[in-house]
Amino acid sequence: TTLNTTAYSNGGYTLKAVAYDSKQSTQSSISVTFNNASVDTQKPVVTVVEPTANPYSWTSGDLTIRFSAADNVGVTKVQLYINDYLAASVNASSMLAIWPWANANPGTYTLRAKALDAAGNFGEASFVIVR
């Protein structure tokens, strides 16, 4: 037979089978554990901590970029994209990056902070830097 375990709470159970004939019966039992994993469909939420303005006017000095992410199950990775180029990736729920003034030409940049969870869901926050 087939048993749909989703009709039961997760936990330990004893399954018992009983066989009968016209004169006697016999039984056997086994212990099982139901672990119906739920499907994670919630995407992480990304919060940009620095820079605080969007758009941010970058007039001098190295730029500090800091963001964090939260998820109902857990964040597995955060990534930083600059104009759709993957600039940094870490297996954590937050990132601190320093963009040296000397490495950035004058212009407008779109930065995207992205967070991923183990189920493949992702959340993003974008911000603009004008140098």
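Arg112 counts as buried, because its relative accessibility is 18% and the cut-off for buried is under 20%. Keep in mind that this is a predicted model. I will start from that arginine and then move to the core and the sheet.

Arg112 sits in strand β9, which covers residues 108-117. What do the side chains of Asp84 and Glu124 do here? Each is joined to the side chain of Arg112 by a polar contact: 3.2 Å for Asp84, and 2.6 Å for Glu124. If we set aside residues up to four places away in sequence, Arg112 touches Gln79, Leu80, Tyr81, Asp84, Glu124, Ala125 and Ser126.

Next to Arg112 in the numbering is Leu111, and this residue takes us to the core. The largest nonpolar core has 21 residues, and Ile65, Phe67, Trp99 and Leu111 are those with the most contacts inside it. Which elements give two or more residues to this core? They are β5 (63-70), β6 (75-82), β8 (94-99), β9 and β10 (122-130). As a general remark, nonpolar side chains in soluble globular proteins tend to be buried together.

What does Leu111 contact, leaving out neighbours within four places in sequence? The list is Ile65, Leu80, Tyr81, Ile82, Trp99, Ala125, Ser126, Phe127 and Ile129. Leu80, Tyr81, Ala125 and Ser126 are in that list, and they also appear among the residues that Arg112 touches.

Now to β5. Its side chains alternate. Leu63, Ile65, Phe67 and Ala69 point to one face and are buried. Thr64, Arg66, Ser68 and Ala70 point to the other face and are not buried. Two residues from the buried face, Ile65 and Phe67, are among those with the most contacts inside the largest core.

Last, the sheet around β5. How are the strands ordered? It is an open sheet of three strands, β3-β5-β8, with antiparallel pairing. β3 and β8 are the edge strands, each pairing on one side only. On average, neighbouring strands in this sheet are turned by 20 degrees against each other, direction ignored.

Taking the two pairings in turn, β3 (residues 45-50) is joined to β5 by five bridges, and Val46 has Ala69 of β5 as its bridge partner. On the other side, β5 and β8 pair over six bridges, again antiparallel. There, Phe67 stands opposite Met95, and Leu63 has Trp99 as its bridge partner. Trp99 brings us back to the core, since that residue was listed with Ile65, Phe67 and Leu111.

Terms used
Residues numbered from 1 in each chain as written. Predicted model: local features only at pLDDT ≥ 70, side-chain atom pairs only at ≥ 80, totals over all residues. Heavy atoms only, no water. Helix = DSSP H or I, 4+ residues; strand = E, 2+ residues; numbered from the N terminus. Buried < 20%, exposed > 50% of the residue type's maximum accessible area, 1.4 Å probe, protein only. Polar contact = N/O pair within 3.5 Å; in protein donor to acceptor, adjacent residues only side chain to side chain. Contact = heavy atoms within 4.5 Å. Core = buried A, V, L, I, M, F, W, Y, C linked by side-chain atoms within 4.5 Å. Pairing = 2+ DSSP bridges. Axes fitted to C-alpha atoms, helices over the stretch in contact; angles between N-to-C directions.
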